[in-house]
Each structure stands twice: as C-alpha cells, then as structure tokens.
Amino acid sequence: MKTNSLTITYLSKVSFASLNGGDKEVDNIVTIKKVTLDNGDQLPYLSSQAVRRALRDKLEELGWAVSPVAKASEDKGAAKTSLDPAQYIDDDLFGFMDAAKGKDAEKGKATVRTSPVRVEALLALTKYQEDLDFGTNYMAKKVEGGQPNIFETEIHSGIYRGTILIELDRVGAGEGFEKTGKLSADERAKRVQGLIDAFQTMWSSGRQSRFLADISPKFMAAACMNSKNPIFLEAVRTDRNGQVDVAALQTVLSDYDQFITSSVLATQEGVFGKAEGVVSLKDGFSAIKQWIRDYYAAN
Amino acid sequence: MLCCTIELKSVTASFRNPEFQNFHKSFPLPPPTALIGLAGAALGYSPRQAQDFFDTNGFRAGVSGKGEGMTRDLWKYDRLTGTGSSIILRELYVNTHYRLVFGSENHAAVEQLRQAFDRPFYALTLGQSDSLAKVMQTTLTDAVTDGRTLENTLVEGDIVPAILEQVLYGGTFALSLSTSDPIAYQLPTRFQYKSDYGMRTVAKRKLFSFVGPKVTFQNQTFPGVQVGDVFVPLFAL
C-alpha cells in the first residue's frame, strides 16, 4: 500500500504557564482553558486553534510568506485569508472556507480547502492544582498614585500531549489548485519540512510576556503511514516517575505494523530519559525529514 | 446482514446540535448524519455521494460510547469590521471511546466500508476538523443478536416511556446524569444537496433517543451487535 500520511504524537513540558485563556467566570481572575473529567479533575489545555496559530506564526518567523488576512465576504463571517494555496503555505497546509454568496446572492457557493494538516489540542496529563499568580495593576486608574487593582491568573505546570497528522498526498494538491495544477514535488517537500521546522520550535504567543513557556516537543512518537490514522493519539503517556512508557508505544507499533512504513521514537534527554529504541530529538527530526524527501521523490 | 464494527478513540469530539447558535451544544453521540459523514470521509466521498451510498445499500447503523469528561471551548475571533471580536462557546467531549456498527445485506458494500475505515481517504475527525479519531479496530460480523441492556447509546423512537415502564417489573434506572437535557430528539436523517459539497437543507427527520446510564429492559429486546463487551443497538439509516 502507498504511503500517504505522517502522524506525530508529542509531549511538551510546560514549567510555569497560563497558556490559553478560558471563559471568564470571575471578573478579576484570568482563567485558563480546562476540561473537566467525570471524576472532577480538571486538565488544562491549549486549543487546537491556538496550536494552529502558533504554527502559522512560527512559519512566518521562519521566513515563509503567510496569507494576508482580510474582512469576511459575509456580514457576520469570520475574517478570511487570501484563499490562495498555490502562493501561500498556510492556505495550503491549514485550509480555509469562505462562505461568499454566488451570483444573485445565491447561497451555498463556499470556497473550501479541507486542511491536510490536523492538529489536536495540547492537553495536560496532570490536573490543575488551583494555583493562582497574584498581581496588581494601575490600568484602570486615571490618575497616578491611586489604589492598585488586584487580579489573579490561573497557572499550571506539567506535561502536555498533542497530535499532528499530515496528509502528505493532499499537500500542494487538490482543492484550490484547480487552475495552477499541483505544486512540484520539491515545493511540496519544502512546505512539509517547513511545517516540521515550525513544529520543532513551536512557541505560543499567549501571555508569554509574564509566563514564558516552551511548548515545543520534548518527546515524540512519529510514523509514516499508509493509513491516515493517528495511531499514537492516546498511547503516549508517562509513568509515576515522569518517564515515557516506551513499552506501551512498542505495542502500538506492533499492533499497527501493517499500516506503518517507518517509525521513530525520539526524546530530549534533558527532559525525559532515553530508553532502548529511543533516539535523540535531532535524529528523530532528521528521520522525519528524510521520510518527507523520500515520499515526494516517489510521488 | 453483514456488519462492519469500528472502534474509535479521540481526544476531543463535538456533534453540534443545530438548534443552538453562539453556544454550540453537542449531542452526546454522533447522530445519524454524522455517522454518514464520517463514513463518507473514510470512503473519500462528498456529503451527497456518502448519503447516496447509504441509500443505495440500505444500511443499518448503531453507535455506543462516551467521553471521560467535557469542556466548553472558547473561540474568540475578529471579523475585522471595526466592531470588535466575537466569541463562540463549543461543547467538546474529551477522551472519548466509541463503537460504531454499519450493516447491510450488500456484503460488498460492507467490506468496502471496512477497508475504508482501515485506510481512510481523509483523516477521520469527530465534529470539528481537528478532533482526530483513531481507528482502534475494525471487524466484520454477521452475528446480529437481541440485547436487553442499553447504555450510552442511540436508539430509534422515544425510549422514555419504555424506561419508565421498567418500574412495573421491579427494575431500577436513571434517565440521565444531566436531567436538564432532553433525551429524545427529532434528528435529521437526510439532507437535500444543491451540489456534491453545496448547501444542504434537511429533507427528512426521525425520532431518536440518547440513552445515558445503563438500563436493562425486562419486557423488550433490541436487535444489535456485540462489539467487545459493549452492545450496540441498530437503527435504520
């Protein structure tokens, strides 16, 4: 069977962060997004839309031209990009939808590109411990020297898990490329490798001025697949000592053997130990980039 | 009837109830049209082609499962119209585990569906486009059985009178963990499409019930398929 996708499930170590703002419950407490489990535990998360934003910003920082954002075509619509995947890497990788009406205000003429890159939310493996950072500000005071306003910010520290799946066969091709035809193999490979670079150095812009947090991967389980299946989705976990359960990942590799073309487990030794069969992050990313080159050389 | 069973897990999942606008409430399980859409993504079909595939082959379907928790995810977006930003709250189920069944007398169509879930054309998602679904396992079976116990599943019709009737037989039950939510809904089962990916309008609705906590029926059985230790009742799509 032909290879068609690349899936990566990764762990980030967040030391002290307020990653993603949630809905306000109390006026002077700045909340973070959390899921509530049936047992009452709350797990903080960075939403998938925030991860997409982080990747897009990083692509721009790495020198890629990103698609300009403009007003929506519809009165109540969200802002849209240029909808030009041939020219812009982010329109290609992240897709778009413009719900513009057709001729004579005919509805149902949306311009759509289904994203060939899927990013799950970055969900904490450890629960929120009710920690709050205490702060004061003078922002609401018109005169100097008034009483400061107090506020608190929810903060969390722990290991977060996320997943990315790239449909290699749809990057640089398909919806949005009807006029130009699909991109060259070289350009398609460059774009996916650009995304991998952005992922390796991913950085979220939310509240980083007060809580500098690194969300880049410190452990990853990656596979080049002939089935678009995020096989490591829930299987990457840590044990009581905070070490990655590599044995569990070996069972995943064994269970899905017929769907896997290549695989790698990689870690940053400064954060997680390096068990047998696990390589350095540097070697892991090198392997992934080689898979990408090989895939587009053959397609 | 040959059935394809699919076991799925996801980190997040959301099945939007269209009655809600700025607050995107989710059904507890994928409704019939979401099941058709999911199968369509696996097959690489447009929404209209997927619906035609199920119509042509007279499929029955079933779904059971639940999440370990949920959240109300906040979306904040700017329309760049100078009127500031808007927000949307969307209910997401978290760490979900579902068992799906699709059955038909057309065995070739069922086998085609199984192969599609083994090697989906598009990456499978549950609700929003980033809610990746992991296919744990697919199987083929013709073992349709009658089950008496329902839990976290979707059945045809209004199940509430039948559940209440169990009191007459000495049974115990709980209707739902969240009693403010309805149990029975008129859910869309068919859409009218202007084109393959074009605008759609609801063409047909049918009454379904979302069963929550376990209830064992003393005087009624439901045709379905046993997927591992979970019974999945079937309904006509």
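A residue counts as buried when its relative accessible area is under 20%. By that cut-off B:C3, at 0% relative accessibility, is buried. Please keep in mind that this is a predicted model.

**Cysteines**

Let us stay with B:C3 for a moment. How far is its sulfur from the closest cysteine sulfur? The distance is 8.8 Å, and the partner is B:C4. A disulfide needs two cysteine sulfur atoms within 2.5 Å, so the sulfur of B:C3 is too far from that of B:C4 for a bond. Over all chains, the count of disulfides is zero. In chain A, the cysteine A:C224 is buried as well, with a relative accessible area of 4%.

**Helix α2 of chain B**

Helix α2 of chain B covers residues 47–56, and its buried residues are B:A50, B:Q51, B:F53 and B:F54. Viewed down the axis of α2(B), these buried residues fall within an arc of 155 degrees, so they line one face of the helix. A general point helps here: an α-helix has 3.6 residues a turn, so residues three or four places apart point the same way.

What do the buried residues of α2(B) pack against? Their partners in chain B are two helices, α1 (32–43) and α3 (107–118), and two strands, β5 (85–104) and β10 (184–193). Just after α2(B) comes B:G58, whose phi is positive, at about 55 degrees.

**Positive phi values**

Most residues other than glycine have a negative phi. Two asparagines of chain B have a positive one, and they are set beside the glycine here.

| Residue | Phi | Location |
|---|---|---|
| B:G58 | about 55 degrees | just after α2(B) |
| B:N95 | near 50 degrees | strand β5 of chain B |
| B:N152 | near 45 degrees | loop between β8 (149–150) and β9 (153–156) of chain B |

Is B:N152 buried or exposed? At 18% relative accessibility, B:N152 counts as buried, because the limit is 20%. As for B:N95, its strand β5 is one of the elements that the buried residues of α2(B) pack against.

**A helix pair in chain A**

In chain A, helix α1 (residues 48–61) packs with helix α3 (residues 185–200) at an angle of about 110 degrees, their axes 9 Å apart. That angle makes α1(A) roughly perpendicular to α3(A). Which residues meet? From α1(A) come A:L55, A:K58 and A:L59, and from α3(A) come A:G194, A:L195, A:A198 and A:F199. The residues of this contact divide into five nonpolar, one polar and one charged.

Methods. Residues numbered from 1 in each chain as written. Chains lettered and ligands numbered in written order. Predicted model: local features only at pLDDT ≥ 70, side-chain atom pairs only at ≥ 80, totals over all residues. Heavy atoms only, no water. Buried < 20%, exposed > 50% of the residue type's maximum accessible area, 1.4 Å probe, protein only. Helix = DSSP H or I, 4+ residues; strand = E, 2+ residues; numbered from the N terminus. Arc of directions from axis to C-beta. Contact = heavy atoms within 4.5 Å. Axes fitted to C-alpha atoms, helices over the stretch in contact; angles between N-to-C directions. Parallel < 35°, antiparallel > 145°, perpendicular 65-115°, else oblique. Nonpolar A, V, L, I, M, F, W, Y, C, P; charged D, E, K, R; others polar.
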